[in-house]
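Subject: Structure for you to look at

Hello,

I am passing on the structure we spoke about. Please open it alongside this message.

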There are 2 protein chains.
Amino acid sequence: MIKRTKGVTISQVADAAGVARSSVSRAFTRPDMLSPETVERIMRAAETLGYVPNHTARALSTGRHGNIGLIVPDIANPFFPPLIQAAQTEADRSDFCIFLGNTAENPKQEDKLVGRFAGQVEGLVLASSRLSDERIRAHATQLPLVLINRDIEGIPRVLIDSSAGVRQAVDHLADLGHRKIAYVSGPSASWSNKQRRAAIRAGASARGMELSIIPTPAPTYQAGREAVDAVLGTGASAVVAFDDLTAQGILTGLAERHIVVPRDFSIIGCDDVLGAVTFPALTSVSNHSADVGRIAISMLLDILRSRNVADVRYALDTKLVVRDTTTQAPSIG
Amino acid sequence: MIKRTKGVTISQVADAAGVARSSVSRAFTRPDMLSPETVERIMRAAETLGYVPNHTARALSTGRHGNIGLIVPDIANPFFPPLIQAAQTEADRSDFCIFLGNTAENPKQEDKLVGRFAGQVEGLVLASSRLSDERIRAHATQLPLVLINRDIEGIPRVLIDSSAGVRQAVDHLADLGHRKIAYVSGPSASWSNKQRRAAIRAGASARGMELSIIPTPAPTYQAGREAVDAVLGTGASAVVAFDDLTAQGILTGLAERHIVVPRDFSIIGCDDVLGAVTFPALTSVSNHSADVGRIAISMLLDILRSRNVADVRYALDTKLVVRDTTTQAPSIG
DNA sequence: GATTTCCATGCAACCGGTTGCATGTCAAGT
DNA sequence: ACTTGACATGCAACCGGTTGCATGGAAATC
């Protein structure tokens, strides 16, 4: 059985060191204001008593808790972990701590989480938010906000601009002789999905290809697997998926039907988070999920430091990474 | 440009409603102490002013912040997301909020994170901690702690007991005629790894099989892929991997060498988190990662409510889930 | 040696709530 | 009519820090 030690307060340290509470406080926050000997004495006393500054009390009087919140729709989606890692590392450099929230793709939960975090963080990063523009704007009046993959004017945001990469994907397929392709789409509330769909539409029409759009309920492996029949029904010889997870599902669905990739069918993912994990290795549109996390945090920290919100829109470019799931269209193979 | 509204305090509401600050406080926390009309009036005032209780201030005076921390070694490992989800859901039921920390398998980072969280959460769940027993014990004196997959006496813990499942896996392979098998192991600091290794050793020796142990630096896809040569070098016809991620890597490594699973080689994972995602679908030892998350949180909440720490050791059973990556040994096929 | 300057430290108010106790009011009890 | 009690509300201390201002002594200046 382990017994808990109750908190040592600044007063106890002050008594032990024979100084005022304010001096103890200063020893920790502005030691330059005190004589070295005093600091030394206070520190020694603090050490022996096992004093640790109370974060909550400090936050109350300074208004700064040194925390920032990061809210994502689905931790399980491989797009997010690298983003989260990078965010954490970046925050760390400035001694900020990340509080992570997971909304399970549920706007209600997201709203609740934002409210809950609002009181304990200095700022918030919303990644791929599924909230309405109005709700996001409302939250932005409460505390500094940075958005990832969501384009709302007036709110600082960092976006992965898939247009270029998706366009390359379409061109790649066109060059390989594919005439009919399909796009297995993502969540309708997703900015990325709208953007990718638009890019693929434009590309297909520019190259004179026939394009079918297959909807899915959510960007998951299962959804991809279940979309395969619909995809095959379109007569397409190649497919672009909203993300790698969906693409992976499609890969399995095809294998289950004994359709060999890439010989019989070509497939391209987006986000390039699983490229090296699938077999065959997935051709995919790169993203910079780690960069995005890092940049969003650094943007938020800048805002916190300067205390004013510029209307920044930071867009990252993408490109196609060709691996082993694309090859010439079967008909001309 | 969005402008921020600054906080409305309890005093402002009190003035507006013509009552004392304490009454406002009670209107929110113990409305039964006040007359319904007063509560009504206060609420109306609070509403129009847009008052929101300050979480930090409340936490300071009550000592309760309604947060609990959850620290995991690697969010990217598919074992954790379901656990995290379940933990979040369970915490939610009691109106607690989860702060998630990721240590990137780094004990230093874990130590730092614990210290950082300690001040802002009422209790902490450490999942698959890579810290030493001593460090964990030290932290346990600071705040209520619950461990997942770490067996330290005196600290409440919930464990996935893989012994039974791993034993079934070994028996399964033995029944299929495999005589030489390999175990691709996990992190040396991992309790789960020690436990699985012991179970497989016992099983192999009981069934008179030859067993080789292949070490890996971390439980990742890449590590699995790179372990393949070593595995093949042992002459084994089947392998059990520390976890599904590693198994997935091995699966790819084998495919790259044109070894067909399960015809030429059988493979079993652990944790059963990727079973349905790989192709062929992976035979794996089940776990209850969601249950574990839920139970750990509920245990912690009990401790917080009762204010005393019982020495609970909660072990969950496992079993083998047979899918498509295991079949009879080639020699007797 | 007297005056000014500076530096180290203490005092006390403050951050925004919560809560034990005191007070005042009104109705019930005798 | 007088006590008793229940109930609604206010007062003020407290949670554990931070910080502007005051103070006192030593060093620097003339």
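Below is what was found, starting with the chains and ending with the cavities.

Please keep in mind that this is a predicted model.

Chain A and chain B

Chain A has twelve helices and twelve strands. Its C-alpha atoms fill a box of roughly 90 × 45 × 35 Å along the principal axes. The radius of gyration of chain A is 26 Å, whereas a compact globule of 333 residues would have one near 20 Å.

A turn of 180° with a shift of 0.1 Å along the axis lays chain B on chain A, with an RMSD of 0.2 Å. The two copies are thus related as by a two-fold rotation axis. As for how they meet, 100% of the interface residues of chain B are interface residues in chain A as well, so the copies meet through the same surface.

The cavities

The count comes to six cavities of 30 Å³ or more. The two described here are the largest and the second largest.

The largest cavity has a volume of about 160 Å³. It is lined by 16 residues, and those nearest its centre are Phe79(A), Phe80(A), Ser128(A), Arg130(A) and Phe242(A). By type, the lining of the largest cavity divides into five nonpolar, six polar and five charged residues. Helix α9 of chain A (residues 191-206) gives the most to this lining, with three residues. Where does the largest cavity lie with respect to domain 2 and domain 3 of chain A? Both domain 2 (67-160 + 289-316) and domain 3 (163-287 + 320-332) of chain A give residues to its lining, so the largest cavity lies between them.

The second largest cavity holds about 130 Å³ of space. Its lining has 13 residues, of which Phe79(B), Phe80(B), Ser128(B), Phe242(B) and Asp271(B) are the closest to its centre. The residues lining the second largest cavity divide into four nonpolar, five polar and four charged. In chain B, domain 2 (67-158 + 289-315) and domain 3 (163-287 + 320-332) both give residues to the lining of the second largest cavity, so it lies between these domains.

If you want a place to begin, display Phe79(A), Phe80(A) and Phe242(A), which are among the residues nearest the centre of the largest cavity. Then turn to Phe79(B), Phe80(B) and Phe242(B), which are among the closest to the centre of the second largest cavity.

Regards

Definitions and conventions. Residues are numbered from 1 along each chain as its sequence is written. Chains are lettered from A and ligands numbered from 1 in the order in which they are written. This is a predicted model: local features need pLDDT of at least 70, side-chain atom pairs count only at pLDDT 80 or more; totals for chains, interfaces and linings use all residues. Side-chain values use heavy atoms; hydrogens and water are left out. Copies are superposed by least squares on the C-alpha atoms of residues with pLDDT of at least 70 in both. Contact means heavy atoms within 4.5 Å. On a 1 Å grid over the protein atoms alone, a cavity is a set of points where a 1.4 Å probe fits but cannot get out, and a pocket is an open set with protein on both sides within 12 Å along at least five of seven lines; lining residues have an atom within 4 Å of a point. Grid points are joined across faces, edges and corners, and a volume is the space filled by probe spheres set on the points. Helices (H or I, at least four residues) and strands (E, at least two) are DSSP runs, numbered from the N terminus. Ala, Val, Leu, Ile, Met, Phe, Trp, Tyr, Cys and Pro count as nonpolar, Asp, Glu, Lys and Arg as charged, and the others, Gly among them, as polar. Domain bounds come from an automatic or database domain assignment. The radius of gyration is taken over C-alpha atoms; the globule rule is 2.2 Å times the number of residues to the power 0.38.
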